[in-house]
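Visitor: I have a model open on my screen and would like a guided look at it. Could you take me through it?

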Amino acid sequence: MTGSDGAADPGGSWPLPREPLPLETNRPGVFAAGDVRCGSVKRCAAAIGEGSMAVALVHRGWRRRAVTEPPAVASPDAAASPEFAELASDERIATAAAALERNGIRPLRAATGADARGLVRSLLTGGAEVYNNTSQTLEAIGVADDIERSGRYQPLRLRLYRMDREMQRREMRTLAASPDYVVGSVHALTEGGSLLIVSASGSQLGPLASGAARVILIIGAQKIVPDVATGMRRIYEYCYPLEDARARRAYGVPSGVNNILVSNKAVTPGRVTAIIVNERLGF
Ligand SMILES: Cc1cc2nc3c(=O)[nH]c(=O)nc-3n(C[C@H](O)[C@H](O)[C@H](O)COP(=O)(O)OP(=O)(O)OC[C@H]3O[C@@H](n4cnc5c(N)ncnc54)[C@H](O)[C@@H]3O)c2cc1C
C-alpha cells in the first residue's frame with residue numbers, strides 16, 4: 001500500500017509522525033509504482049506516469065528528510081564523517097563571505113586563530129557585558145580566556161557560574177538572555193550565507209537570534225558547506241558524535257541535537273559579525 005492508503009492501514013504499519021508522500025510505501029523513503037502498487041489500474045500508461053511521479057517524489061523526500069528528519073545514521077557512536085573536517089578552498093570562503101554580506105552579516109576574514117583573536121579584541125568594547133558560548137573554537141584560540149580573565153570586560157559566564165541555580169533562577173535567565181555581546185561559533189556556514197547552530201539545551205540560541213545587542217561568530221573554514229541540507233548532515237554526522245563524546249567526558253552526560261537555529265538573514269544592520277578563519281577550528 002502507498003500514500004494515504006498506507007497511512008490509513010488498520011495494521012498501523014506507517015511508522016512516522018508525518019503523512020507519507022503519495023506513492024511512498026510503509027517503508028519510509030521506498031516508493032511503489034505500476035502493477036506492484038496496491039489499487040493500481042494495471043495499464044501501461046499509468047505505470048509509466050506513476051514511475052516518473054515516483055522519481056520526483058524521491059527527490060522531494062530527500063530534500064524534506066535532509067531538513068526535518070534526523071538521518072538514520074545519527075548516532076553518538078557513529079564515527080564523525082571526515083568529509084566535514086576539510087578546509088574550504090579560498091574561492092568557497094570568498095563565496096560564503098560575499099553571501100553573508102548580502103544577508104546583512106558583516107564578514108571578516110582571518111588567516112589564523114591568532115588573527116581572529118586580535119579581531120575579536122578590536123570589536124569588543126572595554127567594560128561591556130560579554131557572554132562567551134561554550135565553544136571549542138573560542139577555547140582553542142584564547143578568546144574564551146580573554147573574555148573571562150583579561151579584566152577588560154564583564155564576563156557574564158563567570159557571573160552566572162557564581163549564582164545560585166535554585167534561588168536566582170529567574171535572574172540568571174534574564175541576565176543570560178540579553179548580554180551586550182555574545183561571542184560564539186557555528187556548526188555550519190553555507191555558501192549561500194546561512195548559519196546553522198545546534199544546541200542541546202537551546203540556551204544560547206535566543207541571545208544569538210535576537211537577545212544580544214551584538215553577536216561575534218568565529219568560524220573555522222572547515223565548516224563551510226554548499227547548502228542548508230548539507231549543513232544539517234554536518235550537524236548529525238560530524239558535530240553530534242564529537243560533541244556527545246566531549247559532553248560525556250566534561251559533564252558525564254550525553255549531548256543531543258535538540259535545537260537547531262538556521263539564520264538566513266540579519267535584519268539589524270551591524271549586529272552580527274562573522275569572522276571566517278582559514279584554519280580548522282573546533283567542530
Ligand atoms: C496479457 C496482458 C495484456 C495486457 N494488455 C495491456 C494493454 O493492452 N494496455 C495496457 O495499458 N496494459 C496492458 N496490460 C498491463 C500492462 O502490461 C501492465 O500494467 C504494465 O506492464 C505494468 O508495468 P510495470 O512496470 O508496473 O510492471 P511489469 O511490466 O510487470 O514489469 C515488472 C518487471 O519487474 C521484473 N521483476 C519482478 N520481480 C523482480 C525482482 N525480484 N527483481 C528484479 N526484477 C523483477 C519482472 O520480470 C518485470 O520485467 C496487459 C497485461 C497483460 C499481462
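What follows is a walk through the model in questions and answers.

Visitor: Before we start, what kind of model is this, and how many helices and strands does the protein have?
Guide: This is a predicted model, in which local features need pLDDT of at least 70 and side-chain atom pairs count only at pLDDT 80 or more, while totals for chains, interfaces and linings use all residues. Residues are numbered from 1 along each chain as its sequence is written. Helices (H or I, at least four residues) and strands (E, at least two) are DSSP runs, numbered from the N terminus. On that basis the protein has 10 helices and 10 strands.

Visitor: What distance separates the centres of domain 1 and domain 2?
Guide: The domain bounds come from an automatic or database domain assignment, which gives domain 1 as 3–64 and domain 2 as 82–277. The C-alpha atoms of the protein fill a box of roughly 75 × 50 × 35 Å along the principal axes. Taken over C-alpha atoms, the two domain centres are separated by 41 Å.

Visitor: What share of the residues of the protein counts as buried?
Guide: A residue is buried if 20 or more other C-beta atoms lie within 10 Å of its own, exposed if 12 or fewer, and partly exposed in between, with C-beta atoms placed from the backbone. Of the 283 residues of the protein, the share that counts as buried is 37%.

Visitor: Which strands pair with strand 10, and in which sense?
Guide: Two strands pair if DSSP finds at least two bridges between them. Strand 1 (residues 106–110) pairs with strand 10 over 5 bridges, and Arg-109 has Ile-276 as its bridge partner there. Strand 7 (residues 214–220) pairs with strand 10 over 6 bridges, with Val-215 partnered by Val-272. So for strand 1 and strand 7 the sense of pairing with strand 10, under the DSSP bridge rule, is parallel.

Visitor: Which residues of strand 10 point the other way from Val-272, Ala-274 and Ile-276?
Guide: In a regular strand the side chains alternate between the two faces of the sheet. Strand 10 (residues 272–277) is mostly covered, with 6 of its 6 residues buried. Pointing the other way, and buried as well, are Thr-273, Ile-275 and Val-277.

Visitor: Which helix gives the most to the largest nonpolar core?
Guide: A nonpolar core is a set of buried Ala, Val, Leu, Ile, Met, Phe, Trp, Tyr and Cys residues joined through C-beta atoms within 7 Å. The largest one has 55 residues, and Val-183, Leu-217, Ile-218, Ile-219, Ile-275, Ile-276 and Val-277 touch the most other members. With 6 residues, the helix that gives the most to this core is helix 10 (residues 228–251).

Visitor: Which residues does a second, separate core include?
Guide: This separate core has 6 residues. Included in it are Leu-23, Ala-33, Ala-54 and Leu-57.

Visitor: What are the edge strands of the open sheet with the order 8-5-6-9?
Guide: This sheet has 4 strands and mixed pairing. Strand 6 (residues 195–199) runs antiparallel to strand 9 over 5 bridges, where Ile-197 stands opposite Leu-261 and Ser-199 opposite Asn-259. Each edge strand pairs on one side only, and the two are strand 8 (224–225) and strand 9 (259–263).

Visitor: Which residue has a positive phi in the turn between strand 5 and strand 6?
Guide: Strand 5 (residues 188–190) and strand 6 are antiparallel and joined by 2 bridges, and Ala-188 stands opposite Leu-196. The two strands form a hairpin with 4 residues between them. In the turn, the residue with a positive phi, of about 85°, is Gly-193.

Visitor: Why does Ala-212 count as buried?
Guide: Ala-212 lies in the loop between helix 9 (205–211) and strand 7. The C-alpha atoms of Ala-212 and Ser-178, 34 residues apart along the chain, are separated by 4.6 Å. Ala-212 counts as buried because its C-beta neighbours inside 10 Å number 26.

Visitor: How many residues of the shell around the ligand are charged?
Guide: A residue is near a molecule if its C-beta atom, placed from the backbone, lies within 6 Å of it. The residues around the ligand are Gly-34, Asp-35, Val-36, Lys-42, Arg-43, Cys-44, Ala-45 and Ala-47. Ala, Val, Leu, Ile, Met, Phe, Trp, Tyr, Cys and Pro count as nonpolar, Asp, Glu, Lys and Arg as charged, and the others, Gly among them, as polar. The shell divides into 4 nonpolar and 1 polar, and the number of charged residues is 3.
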